[in-house]
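Biologist: I should like to examine the terms used for this model and the grounds on which each one rests. Please show the structure, and let us begin with a sheet.

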Amino acid sequence: MKYVRMQLYSLYERIWHWVQALAILLLILTGLCIHDPDRFLVFSFQTAVTVHNVLGFIVLGNAIFGMFYYLSTGTIRQYLPQPRGYLVLAVRQVMYYTGGIFRNEPHPLEKSAEHRLNPLQQATYLGILNVLLPIQVLTGILMWSGQKWPEAVLSVGGVQTLSMIHGLCAWLFAGFVIAHVYLTTTGHTPWTNLKAMIFGYEDVPAKHAASTPIETTD
Amino acid sequence: MMRSTAQKMKVIPISSGEPGGEPNGLPGRLLAHRSGWLAVLLAGLFWLLAGTGMAVERRTPLHPPVPLLDAAGRNVVESAAPVSTVTTCAACHNTQYITDHSYHAWVGRNERFKTGTDPEFRVWDYSPGTFGRWDPISYRYLTPPGDTRLDLSTAEWIQSRGWRHAGGGPAVIGHGLRPLDQREPAAEGQAVSEDQTASENQTGANPDARILDAESGESKSWDWKASGTVEMNCFLCHLEKPANEARKKELTAGHFAWASTATLSETGLVEPATEGWKYRSDAFTDKGEAPAALLGLRAPTSQHCGQCHGQVYFGQEPMQPELDLKQWSTATKGQVFSPQRISMSGMNIRGKEDLTRPWDVHAEVMLECRNCHFSLNDPATFNPSTGDQPRHLTFEPRRLATSEFLLGPNHQFAKGAAAQGRVARNLEGTMRQCDQCHDADAVHAWLPYRDLHFAQLSCESCHVAKAYAPALQQIDWTLIDPQGNPNTQWRGIDGKLTDPTAEVLGFQPVLLPHKNLDGRERLTPFNLVASWYWLEGGKTPRPVRLLDLKGALLDGDQYHASILQVLDTDHDGQVQPSERCLDTQAKVDAVRQRLEAVGVKQPHIVSELQPYGLHHGVGPADSATRQCNTCHRSESRLGQLFLVATQIPGGVIPELVHGSGVSLAGQLTVDEDQQLVLQPSTQQAGLYVFGHDHWPLVNTLGALAFGLTLLGVLGHGLLRVVAARKQGSSNT
């Protein structure tokens, strides 16, 4: 089978992704240390809090830079589901994950640099980046800022409420990470998607290539 | 004359320091650090000057000699009558102003209210101070005028509780307006007096004129003209060596007028006589004045305060605290004000060899009680209310001159807002708070979320992390012993209080939210003292009189037969300590029936919990709590189980007293050993402590979502592997 090498992720996108990935993993780890130090304390409590706070701001900064990048380059469009035919494509994607993938059927999405997210990914990222991440960042900032703006914290129910929301979102993030890592193995080979996020390109079967390849191999 | 001079040389304040102790005053200490040659030089100089009489003149304190006067203004050397401090000191000081402005004298007498009208107090309380506010530790009820039955009368209040009273106020006028010794005796049941009374009923008990006879149970009249009254005792707090034991002895004996004179007994000016005291004329000057050097008049030291407030020790020998209720603050809070290292203590404290910290760091740096609890018009410490000042004024330069202050020193002392104290609440917040001397920010740079910690925790939470002396835990009056004493338990000691070999463990106070003066609740360390007692029901509930308790439960120096029968569960004819508790309904019923038999109406057991805030016993910085995981963990210090009581008489769970400003954030439960414990709750305290508090539902839902995701992924992955293998084999 002929494969074509397609550029899917720019250098910035890959750096952005791995910074977020590392930061979120460490946030979950330090968050566990803070949440239940008796069971998960890897660092001292104070270190865990400090690292958690720093990582939180790294995620926030990275998210802001990412938003600027995606808006300015128009890549944001990749994340916006197109209403036309979305449902059909989503159902097709679900059918693939629940049946086609076991029969080695071709991936329903014809991946290209301009169209690399399937409908389910689009919906998920829309939720993660527009709901979960902002809530997590906002609740985190408010808890961090309890020192400076205690009234602001009280106005939203105090640290109790914030920690409840923050904790719930953390669990959802942890779940997302598991699902996300697993789904990277659903490419043409288990490593295809991971490699793509490391090197930026993916070897796609020629018949599925939807855009101009950068290289063609046998 | 030579002896007198020697005495004068001995008691000069600048070289002797504290009353009754070793040289510990600041100048004394500084002198102790001088090099030897300087001491020798000074000694030689004094020896030379002594020969000329100049030494006495130079070393005489600022205070002039004092002609001691009796109440009629005569010199006591001539009249041989008791000293009247109010008359004596009035020669230079406005004693009327002083006595009028002293909550130590009035102890709530001037703030009283009608019983049952203030919801912050018990229904039988009628004042915020010890003269009208009942206390389960001292138990007996100071009967208000007109009450149904007499319990503790004014005279007996002075006899039994006068040791903790500076004199003046109710010890002069009782419940009325005129001095007690200037009234005509009144019979029980007779109209109380023309004076103001706390009760509307003017025909009941007359506590000012009568006293309860412990033997007969009848009230009899008290002869105030014979006993005299207790004036505010200036000597108690201003003499170099006040003879407090002699004072207390006179009070207990009912010789009230002699109490102030007895306080002079360490000066050499007086000596005991067959009746009262007599004056040693040779100790007085030719003009009949008490030499100032013998009196050693001075500003009060911490040891003066300790005479009533608790254990204060500035000696060099290992301290052996008196563990009894006479050391009030020590008994209720386990606090000791002393610069001595705990390791030096004479107590058998567990691990004391490592406790090289002082009992109180403020004592170590030579602070006195008065440095924080200062006279409100002292020009050196005057702190005007900011509410009365123009907003632009940052400093109020107008204050009394020293001479004006000495004429009328206000004896309302600056105070905080303690959970256990209610008297003079209008003065709460006048005291110097921790942050008015210490810049907490400057030394807490290491503390993350500093402002948050400061907003939620009192300084004492971390800086009084433990009390190293034992303290009262519970007091049970529901079943007195054959001597009429309650069953009292202490915490922080393994063994009997009276046993010097008993190991002292100290205790960690419970941290509970306390409403501070800024209106904010902060966690503050407390000792909780639980008490149980019988209450007589009806329209005017009152604690059952000790007299009635004894009458009901005792038969001579033994338990009444019906009580013995129910208490003696092992039938050995004795009531063992373990049997001495109303821990079964049968025991409760038996006592109730006996109380009813002696005329107590609707007796029922009541229990209350009094928090005592720990604000002293502060350790040095390195002994403070500073590890994050002390609080930020599951087994947090903030949620540490606190033993309230080892026995629960009648199964009655105590309720927190009203008006303490403390929230009992937590749950009182009976553990498997049938002990009453408090499980503090940070959530009930309005706190969320990371590492300690959790949202169980959130964790459950989150873990469920995470687990299902993991399960789904693993299942899906497994199916893919199986499918891939099948396809591989079919392709083959």
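Modeller: The model is a predicted one. In chain B, 3 strands make an open sheet, ordered E15-E18-E17, with antiparallel pairing. From one strand to the next, the twist averages 30°.

Biologist: What makes E15 and E17 of chain B the edge strands?

Modeller: Strand E15 (642-645) and strand E17 (666-670) of chain B each pair on one side only.

Biologist: How do you know that E15(B) and E18(B) pair?

Modeller: Pairing requires at least two bridges between the strands. E15(B) is joined to strand E18 (residues 676-680) of chain B by 3 bridges, and the two run antiparallel. The criterion is therefore met. At the level of residues, B:Phe642 has B:Leu678 in E18(B) as its bridge partner.

Biologist: Let us turn to the helices of chain A. Why are H3(A) and H5(A) called oblique?

Modeller: Two packed helices are described by the angle between their axes and the distance between the axes. For helix H3 (residues 45-73) and helix H5 (residues 119-144) of chain A, the angle is about 135° and the axes are 10 Å apart. Roughly antiparallel would need an angle over 145 degrees, and roughly perpendicular one of 65 to 115. The value fits neither class, and H3(A) and H5(A) are therefore oblique to each other. The crossing in which H3(A) passes H5(A) is left-handed.

Biologist: Which residues make the contact between H3(A) and H5(A)?

Modeller: H3(A) contributes A:Asn53, A:Gly56, A:Val59, A:Leu60 and A:Ala63, while H5(A) contributes A:Leu133, A:Val137, A:Gly140 and A:Trp144. By class, the residues of this contact are 6 nonpolar, 3 polar and no charged.

Biologist: What makes H5(A) oblique to H7(A)?

Modeller: The axes of H5(A) and helix H7 (residues 158-183) of chain A cross at roughly 140° and come within 9 Å. With the limit for roughly antiparallel set at over 145 degrees, that angle makes H5(A) oblique to H7(A). This crossing is left-handed. On the H5(A) side the contact includes A:Ile128, A:Leu132, A:Gln136 and A:Gly140, and on the H7(A) side it includes A:Leu162, A:His166, A:Cys169 and A:Phe173. The residues of the contact of H5(A) with H7(A) divide into 12 nonpolar, 5 polar and no charged.

Biologist: What is the wider setting of these helices in chain A?

Modeller: Chain A has 8 helices and 3 strands, which follow one another from the N terminus as β-α-α-α-α-α-α-α-α-β-β. Its C-alpha atoms fill a box of roughly 60 × 35 × 35 Å along the principal axes. Of its 218 residues, 22% count as buried. Among the contacts in chain A with a separation of 6 or more, 72% are between residues 24 or more positions apart.

Biologist: What are the corresponding values for chain B?

Modeller: The secondary structure of chain B comprises 30 helices and 18 strands. Buried residues account for 43% of its 732 residues. Of the contacts in chain B between residues at least 6 apart in sequence, 64% join residues at least 24 apart.

Biologist: Why is B:Ser79 called partly exposed?

Modeller: A buried residue needs 20 or more other C-beta atoms within 10 Å, and an exposed one has 12 or fewer. B:Ser79 has 16, and therefore counts as partly exposed. B:Ser79 belongs to helix H6 (residues 76-79) of chain B. Apart from neighbours within four places in sequence, B:Ser79 is in contact with B:Asp70 and B:Arg74.

Biologist: Which residues of H26(B) are buried, and what covers them?

Modeller: In helix H26 (residues 546-553) of chain B, the buried residues are B:Leu547, B:Asp548, B:Leu549, B:Ala552 and B:Leu553. Their cover includes strand E10 (521-536), helix H27 (561-567) and helix H28 (585-597) of chain B.

Biologist: Finally, how many residues does each chain bring to the contact between chains A and B, and which helix of chain B gives the most?

Modeller: Chain B brings 28 residues and chain A 25. H30(B) gives the most to the side of chain B that touches chain A, with 14 residues. That side has 17 nonpolar, 8 polar and 3 charged residues.

Notes
Residues are numbered from 1 along each chain as its sequence is written. Chains are lettered from A and ligands numbered from 1 in the order in which they are written. This is a predicted model: local features need pLDDT of at least 70, side-chain atom pairs count only at pLDDT 80 or more; totals for chains, interfaces and linings use all residues. Axes are lines fitted to C-alpha atoms, for helices over the stretch in contact, and angles run from 0 to 180 degrees between N-to-C directions. Helices (H or I, at least four residues) and strands (E, at least two) are DSSP runs, numbered from the N terminus. Angles under 35 degrees count as roughly parallel, over 145 as roughly antiparallel, 65 to 115 as roughly perpendicular and the rest as oblique. A crossing is left-handed if the near helix is turned anticlockwise from the far one by less than a right angle, and right-handed if clockwise. Two residues are in contact if their C-beta atoms, placed from the backbone, lie within 7 Å. Ala, Val, Leu, Ile, Met, Phe, Trp, Tyr, Cys and Pro count as nonpolar, Asp, Glu, Lys and Arg as charged, and the others, Gly among them, as polar.
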